[in-house]
Each structure stands twice: as structure tokens, then as C-alpha cells.
Amino acid sequence: MNISASNAIGKLLISEAGVTEQDLNQAYETRAKTRDKLGRILVKQKSVREIDLLNVLGRRFRFDVLTTLPPVTDIDFTSRLSISFLKKNLMVPTVVDGEPAIAVNDPYDILVLDDVRKHLTLEGCPVVLSTESEIIRTINSAYDMVQDSTDQVIQDIDEEDADQLFSKIEEVEDLLDDTSDSPVIRLVNLMLSQAVRSKVSDIHIEPYQHHVKIRQRLDGVLYDMSTPPKHVQSALISRIKLMAKMNIAEKRLPQDGRIEIKVGNRDIDIRVSTLPTVFGERVVMRLLDKSTVRMSLTDLGMSPQYLELFSKIIHAPNGIVLVTGPTGSGKTTTLYAALSEINTVDINIITVEDPIEYRIPGIGQVQVNPKIDLTFASGLRSIVRQDPDVILIGEIRDFETAEIAIQSALTGHLVFSTLHTNDAPSSITRLRDMGLESFLIASSINAILAQRLVRVVCESCREPYVPVEAELSRIGLSGDQLRDGTVFRGKGCSRCLNTGYAGRTGIHEFLVMNEELKKLVLETADANQIRNLARSQGMKTLLQNGADKVIAGQTTIEEVYRVAQS
């Protein structure tokens, strides 16, 4: 942007946006080296906020400033302008008060703006200013909407398409920017971009005798996505294996790989696993959205009482905190949230994980690698020589790992780890079954958190209804415990893909070890005795905590029963 201290905009920035002449001179020097736009330089060097800069420009040019652009409805421009052109020039057609307009980030790009107006026959249409991130989001949304449907792309794939696969593979920064003509590449890109947009966690490609089934896991439940014909299978799986840097020729052995992609402004990490079956290779892709990682304890769905207690426990100087539950119950997310909460410059945190799902700044993370004998146990032995204050063990799987964890806790370290048990009291029995002495368990365990993930009722289509008594009794409720005698369920709408649910939250069972419980553990009591004592002291079971969320209208009876039934 052509801004200087001597012209009107420069004076406005100085008088209204807090920019100094020194800031402007520094920006000029940077522009001479980088040829970047002056306005962007001022924002990058934090001389001015982008919105303040836009407000000054809006007053100067008499343009409205919109921090949020309306949803894209007319997407005709996507066939006439390339996505890369609009992203490069940071402008996008939009609608203001029901009339066509063009949103721009830099009003000085007059020549490009006029070209766009002429190309779209929108001469004379008004201009609005918006932030770079909002314009990029709107562009991505528009081009994401017009991608071919999965069925259309599948119809374009023929028997010879596999020959084109190898010559047309390109690495692209953004899947939405890929304009490849190969139907297989378009199918994979479409499959991934749709999954990211729908917040899918896993994609399954399952070969059968006469067809291939593609399924996706949304909020913990698998749904059918499409059923391509058999001849698509080879090219589809080969494309994914190439992206994951796997051995394409090897089809008899299981393989693991990794893909890093970008969809719009979202960075996605994909773990790929192949498994040979009688009808061909089965592929499962786990999608991890690095741009939406939740690292706050308040996002875990804990009750205020549990949240306060858990926050206190994770600040203890030593001992073991266990999080338990089946695969996919959010154990790792809970532990990452705990580490993020206590991560300060004065403590040394080291983890040993398999695999490392998310990178956390300021924390040393070690990846287990059995091929070179780097196991949880061997990694732990090295970690304790790195002077850690806090240690995270991805999972306690055997006696050796459990023994080192307990010794670490008893020698002044705070240890976090996970177990695969059905509830919190069963973890004591599980450790005992591994061969640990009861006195070691009692003296080292601080708390055990059992958890499950339940789907949340969609806010857009939820409706109250009166459940029958038999329905309520499944989760230990009665009608007089309900507000107005009703609970909520989702009817299904476009926002929740007609599932009635949108997102997930946790239900928890929190066992905090006190002197009475430690005494019971020393007496080698079983899980039932420990559970009964803990409940008499106020511990709520998973089913009871889930029932509380049903009463609050957050989830449904069926969902709680599905994940928490004994």
C-alpha cells in the first residue's frame, strides 16, 4: 500500500492508529528489500493491527469494513476465476445488502480490481474491505463447494487411469488449489477435503469381492461415504500409498505411512495404515487437524467440581496421574491439556509416546521406535537421566514400564500415563495383574480419571421430548429428575449431516486416592470394593456423569448408554 507520513493516509495512521514516523520509515526499508506491500509490513512488524489499518483505509476511500463476510451462495465466479488468482490478490466476490460486491484487502490494487469487475460483468459494483484471513476463508469455502461429487469423479475413472497416476502426481500446497485432470487424484483430494470439512477423524477404504466401500468416522461413529466399483481400487490405493511414501509394489505386508496436507487454511496430519486382505489392501487414514487442537482443560467437558479437583491434582510435585479408557476416548487430548496447563519455563517436561500425535512447544517429545529397540521402558530409562520434573508415558503396557513409572513417581517426579481399563477402580486391579506390589501402587498413585466421549446434541436442530420410564432407567434416571420432564435429541439437519449430533464432549469418573482408599488397596481389595468405597465418598460413575449431561441437554440417553453401559 502506498502509505507515507506525508500523505493523508500516513497522517491518519499516525493520528488514529498509533503508527509512528519511525514505524513508517522502518516499513519503507523493509519494502525496499522484500518488495512486500507496505500495509502488510506494518501489520507484520506489529506497528498497527490489521483491522485498525482497514478502518483508516475505509474512512479514506469511503468503503465499508466487514470483519465477517456473508456465506457464499452464488459460486458462479469459481468457473471464471482461478482460486490461486483470488488468493494472490486477496479479493473475492461477495454480497452486501443483497447486492453483488467485491471484498478486497488492499484498495490500492485498482487495476486488478477493474479487471475482475469487467471479467465478471460487475462494473460499478461496490467495494468492501476485509481482513486477509476472512477473504482466504471465503475463497476456500466457495471453491470447496464446487468440487465434483464423489460419484461424478468415480464415473470418470476407467481401467487405464492407473497408467496416468504415476505421471500426474504433484505435491500441492493446498488440495483446493490442485487442478489435476486425473480422476483418481481428484477423487483422493475430494475425499480428503470433504472429510476435513466435515471434521471426520478416520477414513476407511475396505475392498470386497465386487466393490470397494469407503467409510468415515464422524464423532466416533462410522458412516458409509461411497461405494466405488472394483476397478477403482488399485489406482485409489496406489495414489494414497504414494502420498504416504509407502512401497507401492509391496502388497503382501502391512505398511504404515504419513501424509501432511493443507486444506484451505487448515494443516492436516494423516497417519496411513495398510493391511492385506483376501480382496486387496485395506487402508485406514487417521486425520489430525493440527490447526484445531484443543489444549485447554475447560474444553474437556468436566464438571466444575471435577475441573477444580483435576487442576489441583496435576500441579502436585510427584506421584502418578492415570487416564483410562478404550481407544478413541480422548485420553491423549486430556493429557496434552494437562501438560499445556502446567507447562511453564521453570519445569522440564519430557514425553515418550507412540505415536506423537501433536507437537507441543516447550516440551521434549520422544517417539517410540521398536525397530531400534526404543520402547516405552528403554525410553523411560533415558528420560529419567534428563532431569525431568514431569514425565508423560503414552501408555503403560507391561510390568517393566509400570515399574519404572512408579519408581520415577516415588523419587520426586510427576508422572502422567494411560491404561486400557473399563473404569477407574479397575486400573488398580490391572496394575496388580501386571505384577506390581499393592504397597507400591498405594504409595504412588495420586488419581485415576476414567473417561469416554459422547456426541453432543446439535444446537441447530435439537428438540425436547418426553422419554418413557424404561428409557430413563437404562442410565439410572427417573422422570422427576428431569427439568420439565423432558430431554433433548437432534432431528437432523445440514449442519450435523443429518446425524442429530455436532461435536463431542467427555464424561468422566474421577477416583482421587485418599488414606481410606490407599488402605483398601494395601489390603488387596478388588475393584468392586474400591468402587463402593469411592462412591460412598462422592465419586460419580461414568453412567451417572453421563446422566447429568442428559439432564443438562448436552447429549442423549442413547449416547450415554452406548459408551458407558457396564
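**Rings, a cavity and some unusual turns**

Hi everyone, let's start with one residue: Y108 has a relative accessibility of 24%, so it counts as partly exposed. Before I go on, please keep in mind that this is a predicted model.

Why begin with a tyrosine? Y108 belongs to one of the aromatic pairs, so let's look at those. How many aromatic pairs does the structure hold? There are 4. In one of them, F61 meets Y108 edge-to-face, with 5.4 Å from centre to centre and 90 degrees between the planes. F61 sits in helix 4, residues 50–61, while Y108 is in the loop between strand 3 (99–104) and helix 6 (110–119), so this pair ties together parts that are 47 residues apart in sequence. Like its partner, F61 is partly exposed, here with a relative accessible area of 28%.

Now a second pair: Y306 and F510 are also edge-to-face, 5.8 Å centre to centre, with 80 degrees between the planes. Y306 is part of helix 12 (residues 304–313) and F510 is part of strand 19 (residues 501–512), so here the linked parts are 204 residues apart in sequence. Are these two rings buried or exposed? Y306 is buried, at a relative accessible area of 6%, and F510 is buried too, at 4%.

Going back to F61 for a moment, F61, F63 and Y108 make up one aromatic cluster.

Some rings have a charge for company. R455 places its charged end over the ring of Y501, 4.1 Å from the ring centre. Over the face of Y465 we find R489, at 3.9 Å from the centre of that ring.

Next, the inside. Rolling a probe the size of a water molecule over the atoms shows where empty space is left. Here the count comes to 1 cavity of 30 Å³ or more, and the largest cavity has a volume of about 40 Å³. Which residues line the largest cavity? They are I320, L322, I396, A402, A405, I406, L431, L436 and I445. Strand 11 (319–324) and helix 15 (399–410) are the elements that give two or more residues to this lining. Helix 15 provides the largest share, with 3 residues. By type, the lining has 9 nonpolar residues, no polar ones and no charged ones.

Let's move to helix 10, residues 183–197. Its 15 residues reach 21 Å from the first C-alpha to the last, close to the 21 Å expected at 1.5 Å a residue. This helix is mostly covered, with 12 of its 15 residues buried; among them are P183, L187, M191 and V196.

What comes after the helix brings me to backbone geometry. Most residues other than glycine have a negative phi, and most peptide bonds are trans. K199, which follows helix 10, has a positive phi of about 60 degrees although it is not a glycine. You will find K199 in the loop between helix 10 and strand 5 (202–207), and at 65% relative accessibility it counts as exposed. D387 also has a positive phi, near 55 degrees. Its place is the loop between helix 14 (376–383) and strand 14 (390–393), and D387 counts as exposed at 62% relative accessibility.

Finally, a cis peptide bond joins D354 and P355, with omega at about -5 degrees. P355 lies in the loop between strand 12 (349–353) and strand 13 (364–367). Thanks for listening!

Note on methods:
Residues numbered from 1 in each chain as written. Predicted model: local features only at pLDDT ≥ 70, side-chain atom pairs only at ≥ 80, totals over all residues. Heavy atoms only, no water. 1 Å grid on protein atoms, 1.4 Å probe; cavity = no way out; pocket = protein on both sides within 12 Å on 5 of 7 lines; lining within 4 Å. Points joined across faces, edges and corners; volume = space filled by probe spheres on them. Helix = DSSP H or I, 4+ residues; strand = E, 2+ residues; numbered from the N terminus. Nonpolar A, V, L, I, M, F, W, Y, C, P; charged D, E, K, R; others polar. Expected span 1.5 Å × (residues − 1). Buried < 20%, exposed > 50% of the residue type's maximum accessible area, 1.4 Å probe, protein only. Phe/Tyr/Trp six-rings, centres within 6.5 Å; stacked < 30°, edge-to-face > 60°. Lys NZ or Arg CZ within 6 Å of the ring centre and 35° of its normal.
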